[in-house]
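Visitor: Please take a close look at one part of this model, the sheet and its edge hairpin, and then say what lies elsewhere that deserves a note.

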Amino acid sequence: MSDTKHSYGGMPVNDNKKEIIRLLRQFEGEPVSGQEIGEKLGITRAMVWKYVKSLRKEGYDIRSSPKTGYILDACPDRIEPDELRELLKTTLIGTDIRYYAELESTNSTAREIASRASEGTVIIAETQKKGRGRMGTEWQSMPGGIWLSLILKPSMPLEYISKITLVAGIAVANALRAIGVDAHIKWPNDVLVRGKKICGILTEVNAEVEKVDYVILGIGINANVRLSDLKEEIRKNSTSIANELGKVIDRTAFVAMFLYELEQQYIRFETRQFTDIVDEWINLSDTIGKDVKVTTPSRIIEGKAVGVTEKGALVVLDRNGKKQEIIAGNCRYSD
Ligand code: BTN
């Protein structure tokens, strides 16, 4: 809940604190004097000091020296919705951002509001109590991760919708690569680094016969998640951004960059540049060329993954030399 108490300067206390953080961030590690901050905010140096002490309690690491001023050394590891809105360079995705400290599942909340929400609405939660994975699995969603769902309303026949998953995988992989994490995509939609899962995507579609009402794109990225917090059976095949880079990342900045990348990919989808999408997916793929065993509700197909169709189906050359197209299923690599 927001603190609407007002300071002597007239601005709400929280706005003053936000302004101080914004100012210190702008100076990127350079000191800013209490005098200068006070003048910009229209408050006394003593008030600035009071706010700094309060910000420290909230987890901001602010150094102070009577001679030079204040320096922001580190921010608490939280996704800051206001800052995210400011950083976003998108025109559709994230025009409505709904941020929660905790939810059962961002996908479930997205479904509840989807019919009345505008396209591009993003639901973010710091933690999920009942995070959902593909095929009815549980998705562990502890602090430090990026757990978000997007509401999309593409004007596209139902048969094309499966490609949205490819688009999401490409966007995650590209955003990770942009910060130096060597990500690849495992069909249909796991993002892996050095063979370990860093992100999962859960796509849910609501449609009637041919008309798509909405698509919920649920994305879970192990950003700053502590691997030791994951259940053992999950941990052995998982990694996180922090684990790969050896440092905790600024999740707010990463989400802003990722949503921008996703919007670029979504524009390609909406303008039906399907060949480009498939080509890029294949370039980023971890699966093509590997021996796989794919389990679907009706069959098991074993063979070599040789391609992906424009519908997002995996093409497997089976043991009889026959090409099989699989639109959905669980893919394992054969030893
Ligand atoms: C998978 O099994 O690989 C898909 C995992 C998807 C997890 C994300 S986290 C945000 C969104 N909300 C959910 O409940 N699930 C998805």
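Guide: In this predicted model, Val315 has Glu325 of strand S13 as its bridge partner. A second pair in the register joins Leu314 to Ile326 of S13. In total, strand S12 (residues 314-318) and S13 are joined by four bridges, and the two run antiparallel. They make up a hairpin with four residues between the strands, and Gly321, in the turn, has a positive phi of about 80°.

Strands of a sheet pair through backbone hydrogen bonds, in either a parallel or an antiparallel arrangement. Here the hairpin belongs to an open sheet of five strands, ordered S13-S12-S11-S10-S14, with antiparallel pairing. S13 lies at one edge and strand S14 (330-333) is the other edge strand, each pairing on one side only. From one strand to the next, the twist averages 45°.

The two faces of S13 (residues 323-326) can be told apart by their cover: Gln324 and Ile326 are on the covered face, whereas Lys323 and Glu325 are on the uncovered one. In a regular strand, side chains alternate between the two faces of the sheet. The two bridge pairs named above thus take in one residue from each face of S13: Ile326, the partner of Leu314, is on the covered face, and Glu325, the partner of Val315, is on the uncovered face.

Strand S11 (300-308) also takes part in covering a helix. In helix H10 (residues 274-284), the buried residues are Phe274, Ile277, Val278, Glu280, Trp281 and Leu284. Viewed down the axis of H10, these buried residues fall within an arc of 165°, so they line one face of the helix. An α-helix has 3.6 residues a turn, so residues three or four places apart point the same way. Besides S11, the cover over the buried residues of H10 includes helix H6 (163-178), strand S6 (183-186) and helix H9 (251-270).

Last, the cysteines. The structure holds zero disulfides. For Cys199, the closest cysteine sulfur is that of Cys331, 16 Å away, which is too far for a bond; a disulfide needs the sulfur atoms within 2.5 Å. Cys331 is likewise in no disulfide. Cys199 is buried, at a relative accessible area of 0%, and Cys331 is buried too, at 3%.

Technical notes. Residues numbered from 1 in each chain as written. Predicted model: local features only at pLDDT ≥ 70, side-chain atom pairs only at ≥ 80, totals over all residues. Heavy atoms only, no water. Buried < 20%, exposed > 50% of the residue type's maximum accessible area, 1.4 Å probe, protein only. Arc of directions from axis to C-beta. Contact = heavy atoms within 4.5 Å. Pairing = 2+ DSSP bridges. Axes fitted to C-alpha atoms, helices over the stretch in contact; angles between N-to-C directions.
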